[in-house]
Amino acid sequence: MTGPHQESTHAHSHPHEDGHAGHGHDHGHDHSHGHSHDHDHDHDHDHGHHHHSGFKGWLIELFVPHTHDAADSIDDAMEASTEGIRALKISMFLLLATTVLQFVVVLFSSSVALLADTIHNFSDALTAVPLWIAFILGRRAATRRYTYGYGRAEDLAGLFIVAVVALSAVVAGWQSVQRLINPQPLQNLGWVMAAGLIGFAGNEAVAIYRIRVGRRIGSAALVADGVHARTDGFTSLAVVVGAVGVMLGFPLADPIVGLVISAAIMVLLWGTVRSIGRRLMDGIEPELVSRAEAALAQTPGVLSVQHLQLRWSGHRLQGSVRVELADTALSEAEETLHRAEHQLRHALPKLDHMLLAPASRR
């Protein structure tokens, strides 16, 4: 069969995928497809996200931030995993230190709101463990059983994070109800307030760090972990409010604040559930699809873009696309596909594997 629209495909992968099963593709013609994708991505692409305005927009950005920021991205899968693991290590130990300080205050203050906050801080620290494991798994090469690799372990870790945080909210709520039924006097309110402020500072530092790294490497699970840390920070401030209420002569303020904390956690968790759920259902940000379509359409020799598919696998992108090519010689069509792939990698720095094929002419 001759002509540029022969059903040839191009499967491209980063160096860390060397040794994957099933990558010996016979294209049926004598062309070499060994590209080097060590491109310099310091290009000024206009990848602006849609940002909400006003107070509501500020809240959305605070608790449901973007998980993808192409302007400041890491396009090497191994480096991305390494930075993700480093972020988890540092933030986990910082949260554990914050939890220990708060728990010491709980022991001699009997504050149920502070106990609820401490439990949630501890659970948030523990959620780093499965995510850590997922990042390590994501480095493994694909096998004949897991031909797409192990990137989805990261999204499963995100589900575990959601479950642990929801459980901690239930435990904190139960403790608060118990304290409403059987009230106990609070002691050392000054220390309770100090512990709440320490919790806020520690959690907000962890939140900023995790969200920043999660955005850079494209990890929804790491961003979700950062949002949970931010939630913990604001619940720590709620503990301070409860202590102030007790000081002003309203002893039930402490367990009431504990209940508010539990309810707030469950409400804010919904945004994370949707984000992780979309990843597991192969949902993709429409702006990434538009960016890929624009990059392909701007490639000389590409007439139209057909059947573009993208999905996240952990913090890396995978996909396939068919493009209609100009009626040229086969060698020129091959070169057009190479240019199109090059354009895609600049437009989508987190692209790990993309299958490009010429569309059939009817």
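Biologist: Which residues does Thr299 touch, leaving out those up to four places away in sequence?

Modeller: In this predicted model, Thr299 touches Thr336, Arg339, Ala340 and Gln343. Thr299 itself is found in the loop between H9 and strand S2 (302–313).

Biologist: A loop residue, then. Why is Thr299 called buried?

Modeller: Its relative accessibility is 2%, and buried means under 20% relative accessible area. The value falls under that cut-off, so Thr299 counts as buried.

Biologist: And how do you know that Thr118 is buried?

Modeller: The reasoning runs the same way. Thr118 has 3% relative accessibility, set against a limit of under 20%, so it counts as buried. Thr118 is found in helix H3, and beyond four places in sequence it touches Thr99, Gln102, Phe103 and Val106.

Biologist: What about Leu252: why is it called partly exposed?

Modeller: Leu252 has 33% relative accessibility. Buried would need under 20% and exposed over 50%; 33% lies in between, so Leu252 counts as partly exposed. You'll find it in the loop between H7 and H8.

Biologist: What makes Leu252 eligible for a nonpolar surface patch?

Modeller: A patch residue needs over 30% relative accessible area, and Leu252 is at 33%, so it clears that bar. The patch is made by Val177, Leu180, Ile181, Phe250, Leu252, Ile256, Leu259 and Val260, and covers about 630 Å². H5 and H8 are the elements that give two or more residues to it.

Biologist: Now inward. Which residues touch the most other members of the largest nonpolar core?

Modeller: Leu114, Leu131, Phe135 and Leu222, out of 38 residues in that core. At least two core residues come from each of helices H2 (77–109), H3 (112–126), H4 (128–138), H5 (152–181), H6 (189–217), H7 (220–247) and H8 (253–280). Another core, of 21 residues, lies apart from it and includes Leu288, Ala295, Leu296 and Val321.

Biologist: What does Leu222 touch, not counting residues up to four places away?

Modeller: Gly84, Ala87, Leu88, Leu131, Phe135, Arg210, Val213, Gly214 and Ile217. Two of those names, Leu131 and Phe135, are also in the list of core residues that touch the most other members.

Biologist: On to charges. How do you know that Arg230 and Glu204 form a salt bridge?

Modeller: The side chains meet at 2.8 Å, N to O. The criterion is a Lys or Arg nitrogen within 4 Å of an Asp or Glu carboxyl oxygen, so the pair qualifies. Arg230 is in helix H7 and Glu204 in helix H6, 26 residues apart, and the pair links distant parts of the chain. Arg230 and Glu204 are both buried.

Biologist: What makes Glu287 and Arg291 a salt bridge?

Modeller: Their N to O distance is 4.0 Å. The limit is within 4 Å, so this pair is counted too. Both residues lie in helix H9, 4 residues apart, about one turn of the helix.

Biologist: Why is Glu287 called partly exposed, and why is Arg291 called buried?

Modeller: Glu287 has a relative accessible area of 28%, which is between the 20% and 50% cut-offs, so it is partly exposed. Arg291 has 10%, under the 20% limit, so it is buried.

Biologist: And Arg345 with Glu341: what makes that a salt bridge?

Modeller: The closest N and O atoms are 2.6 Å apart, and the limit is 4 Å, so it passes. Both sit in helix H10 (residues 330–347), 4 residues apart. Arg345 has a relative accessible area of 4% and Glu341 is at 2%; buried means under 20%, so both count as buried. Elsewhere, shared partners join Arg152, Asp155, Asp282 and Arg311 into one salt-bridge network. The whole structure has 8 salt bridges.

Biologist: Last one: where is the predictor's confidence lowest and highest among the elements?

Modeller: Strand S1 (residues 10–13) has the lowest mean pLDDT, 44, and helix H9 (residues 286–297) the highest, 92. pLDDT stays under 50 over residues 1–52 and again over residues 66–75. For the protein, the mean is 75, with 78% of residues at 70 or more.

How values were computed: Residues numbered from 1 in each chain as written. Predicted model: local features only at pLDDT ≥ 70, side-chain atom pairs only at ≥ 80, totals over all residues. Heavy atoms only, no water. Core = buried A, V, L, I, M, F, W, Y, C linked by side-chain atoms within 4.5 Å. Buried < 20%, exposed > 50% of the residue type's maximum accessible area, 1.4 Å probe, protein only. Contact = heavy atoms within 4.5 Å. Patch = residues over 30% accessible without salt bridge, like charges linked within 9 Å, V, L, I, M, F, W, Y side chains within 5 Å. Areas by Shrake-Rupley, 256 points an atom, 1.4 Å probe, with all protein chains shown as cover. pLDDT = per-residue confidence, 0-100.
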